[in-house]
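This report is written for someone meeting the structure for the first time. It goes from the whole chain down to single residues.

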Amino acid sequence: MLYIDLEKHTNHAKVIKDRYLDIDQPGVIKSIYSMGCLPNDEKRDYQHDSNEVLKHFLTRLNRFPLFVTFGGGFTNEEVEPFFQKENLCYTKIQPDKCSPFYSVQVNDASELERLLDETYWYAAVNDFYFLSFTNLLTFERKMVKGWFFKKERIVPVIRATKEMSFITMEHDFMGYYLFSNEACFDSEDKVKAFLPKGEGIDYYD
C-alpha cells in the first residue's frame with residue numbers, strides 16, 4: 001500500500017525558512033501544501049514512489065511548458081549527453097567554479113517522464129531540485145550561512161509573480177512542497193484531484 005499525506009500549511013514563514021528558500025516576495029504566496037509518500041513498508045523504494053506520484057500529478061495537470069532546474073551539488077556535465085540524445089532544451093548555469101545547475105524546458109508529458117526518471121536521484125541526494133510553470137529563477141551572489149561557516153556563494157532566487165506555482169523537494173525526496181498563489185490550487189480538494197487514486201493507494205486524514 002502506498003500512503004500519501006497531503007497537508008495544507010498556514011505558517012508560510014516557517015516552511016520557507018525550513019526549506020532554505022530565497023524568495024524575493026514571499027508574501028504573494030497564498031497556499032503551501034506538502035505531499036509526502038509515507039514509509040509503511042521497508043521493501044518500498046520511496047524515492048521511486050515520490051517520482052511516480054510527481055509524474056502523475058504533473059501529467060494530470062497537463063500544463064506545459066514546465067521548467068525543471070536542478071544541480072549545484074553533485075551535478076556534473078555527464079548529464080548533458082542525455083539532454084542531447086533526448087533533444088531536450090536546456091541551459092547550463094555554472095557560476096564561478098561551483099558545480100553547474102541545469103534548467104530544462106519540458107514541453108510535454110513524454111519529455112517530463114524521461115527527464116524525471118533520469119534526474120530525480122539529484123533530489124534524492126538533496127541537491128537543489130525545482131519545478132515551475134514559468135521560469136522564476138535567477139542566480140545571485142549572496143552570503144550563505146552553514147553550520148560552521150559563512151561565505152559568499154551564487155544561489156538560486158525565486159522571483160515571485162502575480163500568478164505562479166512552483167514545487168520544491170522534501171528531504172531525501174520523500175515528497176514535495178507546492179507553493180502557489182493561483183486559484184487552481186487554493187484548496188486541498190483541488191490539489192488532491194490531480195494526485196493518484198485507486199487500489200493500493202490511500203491518504204492520511
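The text below covers overall form, one group of strands, several single residues and the cysteines.

**Overall form**

The model is a predicted one. Its secondary structure amounts to five helices and 11 strands. Along the principal axes, the C-alpha atoms occupy a box of roughly 50 × 40 × 35 Å. The radius of gyration is 17 Å, which agrees with the value near 17 Å expected for a compact globule of 205 residues. Buried residues make up 45% of the 205. Among contacts with a separation of 6 or more, 68% are between residues 24 or more positions apart. The accessible surface is about 11000 Å², and carbon and sulfur atoms account for 49% of that surface.

**Strand 5 and its partners**

Strand 5 spans residues 101–106, and five of its six residues are buried, so the strand is largely enclosed by the rest of the structure. Strand 3 (residues 66–71) runs antiparallel to strand 5 and is joined to it by six bridges. Within this pairing, Phe 70 has Tyr 102 as its bridge partner in strand 5. Strand 4 (residues 89–93) also pairs with strand 5 in the antiparallel sense, over five bridges. Here the bridge partner of Ile 93 is Phe 101.

Tyr 90 belongs to strand 4. With a relative accessible area of 23%, Tyr 90 is partly exposed, since the buried class ends at 20%. Leaving out residues up to four places away in sequence, Tyr 90 touches Glu 80, Phe 83, Gln 84, Tyr 102, Ser 103 and Val 104. With one of these, Glu 80, the side chain of Tyr 90 makes a side-chain polar contact of 3.4 Å. Tyr 102 is 12 residues from Tyr 90 along the chain, and their C-alpha atoms are separated by 6.7 Å.

**A buried serine**

Ser 132 is part of strand 6 (residues 128–132). Its relative accessibility is 1%, so Ser 132 counts as buried. Beyond its neighbours within four places in sequence, Ser 132 is in contact with Leu 66, Phe 67, Ser 165 and Phe 166. A polar atom of the Ser 132 side chain lies 2.5 Å from the backbone oxygen of Thr 134.

**Loops with unusual backbone angles**

Two residues that are not glycine have a positive phi, as the table shows.

| Residue | Phi | Relative accessible area | Loop |
|---|---|---|---|
| Tyr 20 | about 55° | 77%, exposed | between helix 1 (12–18) and strand 2 (31–38) |
| Asn 62 | near 55° | 57%, exposed | between helix 2 and strand 3 |

The loop between helix 2 (46–61) and strand 3 also contains Pro 65. The peptide bond from Phe 64 to Pro 65 is cis, with omega near 5°.

**Cysteines**

A disulfide is a covalent bond between the sulfur atoms of two cysteines. How many disulfides does the count give? The count comes to zero, where a pair would need its cysteine sulfur atoms within 2.5 Å. Cys 89 is partly exposed at a relative accessible area of 47%. Cys 184 is also partly exposed, at 32% relative accessibility.

Technical notes. Residues numbered from 1 in each chain as written. Predicted model: local features only at pLDDT ≥ 70, side-chain atom pairs only at ≥ 80, totals over all residues. Heavy atoms only, no water. Buried < 20%, exposed > 50% of the residue type's maximum accessible area, 1.4 Å probe, protein only. Helix = DSSP H or I, 4+ residues; strand = E, 2+ residues; numbered from the N terminus. Pairing = 2+ DSSP bridges. Rg over C-alpha atoms; globule rule 2.2 N^0.38 Å. Contact = heavy atoms within 4.5 Å. Areas by Shrake-Rupley, 256 points an atom, 1.4 Å probe, with all protein chains shown as cover. Polar contact = N/O pair within 3.5 Å; in protein donor to acceptor, adjacent residues only side chain to side chain.
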